[in-house]
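This report takes in the whole chain, then a single residue. Please look over the sequence and the model before reading on.

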Amino acid sequence: MGGTEHLTVRREGATLVLTLNRPEARNALSLPMLVGLYDGWLEADADDSVRSIVFTGAGGSFCSGMDLKALAGSGMAGEEYRDRLKADPDLHWKAMLRHHRPRKPVIAAVEGYCVAGGTEMLQGTDIRVAGESATFGLFEVRRGLFPIGGSTVRLQRQIPRTHALEMLLTGRPYSAREAAAIGLVGHVVPDGTALATALEIAEQVNACGPLAVEAVKASVYETAEMTESDGLAAELTRGWPVFDTADAKEGARAFAEKRPPVYKRA
């Protein structure tokens, strides 16, 4: 199991938990964090015993975005990871879910700050849970920067355009309740319980047929920008093979026998 000094990896049953672990900097992005994140996404996809991923942050924050001190010239921690970026110049975008989509469902558990790059990474997740006091926002324009993690493209596809533009152009903070009202997050829970709630949702996902879950996720994203007729055709191409799997037959048998199914990804 991987991980770095700024990214911890642990298992909770069939769920891989990736935790941003730089609480003294509100989990601002660092090279060790980005390398650990990308390796974590790959680890989850390579291990068939992993059925879901929970993505969270340590110390009461999710992620406060780019390390602005490093950007200003103070240096970024983890220079020993620089060779990984040289070998794969796209690694940071893959880590931030801009240029990589895990095939397993990703559930975000957000407490505290989830701003700038944090909100950008959030848009690459599938299900989102936030603590009551969580704060969201794309602050880049306030710093004279551009939210280049994908937000000018993805945000308007995930929430109404008027809300997307307000968030992008004002750079103001959003409360968890406001984020839920515009559709950026799906659940708002008492502070300190986002991770537990995310793990509960993950368990519900884990109880389902893994081949079916992965095919459903893939179909949703594949068809998002298609016309309805093209999307329906693509759905059939993606979905029909699932009915011929041993897992599908096991699901039917388990339902008939009134017992929990035992799926084997077959």
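The text below goes from overall build to one position in a strand.

**The chain as a whole**

This is a predicted model. The protein chain has 12 helices and 9 strands. How does its radius of gyration sit against that of a compact globule? A compact globule of 266 residues would have a radius of gyration near 18 Å, and the protein chain has 19 Å, so the two agree. Along the principal axes, the C-alpha atoms fill a box of roughly 60 × 40 × 40 Å.

Some overall values for the protein chain are set out here.

| Property of the protein chain | Value |
|---|---|
| Buried share of the 266 residues | 49% |
| Exposed area | about 12700 Å² |
| Share of exposed area from carbon and sulfur atoms | 57% |
| Distance between mean positions of positive and negative charges | 1 Å |

The charges behind the last value number 30 positive and 34 negative. Contacts also reach along the sequence. Of those between residues at least 6 apart, 68% join residues at least 24 apart.

**A closer look at V9**

V9 lies in strand β1, which spans residues 7–12. Is V9 buried or exposed? Its relative accessible area is 13%, under the 20% cut-off, so V9 counts as buried.

Which residues does V9 touch, leaving aside those up to four places away in sequence? They are M1, G2, G3, L16, V17, L18 and E43. T19 is 10 residues from V9 along the chain, and the C-alpha atoms of the two are separated by 6.6 Å.

Key
Residues numbered from 1 in each chain as written. Predicted model: local features only at pLDDT ≥ 70, side-chain atom pairs only at ≥ 80, totals over all residues. Heavy atoms only, no water. Helix = DSSP H or I, 4+ residues; strand = E, 2+ residues; numbered from the N terminus. Rg over C-alpha atoms; globule rule 2.2 N^0.38 Å. Buried < 20%, exposed > 50% of the residue type's maximum accessible area, 1.4 Å probe, protein only. Contact = heavy atoms within 4.5 Å. Areas by Shrake-Rupley, 256 points an atom, 1.4 Å probe, with all protein chains shown as cover. Lys, Arg positive; Asp, Glu negative; His and termini not counted. Charge placed at Lys NZ, Arg CZ, Asp CG, Glu CD.
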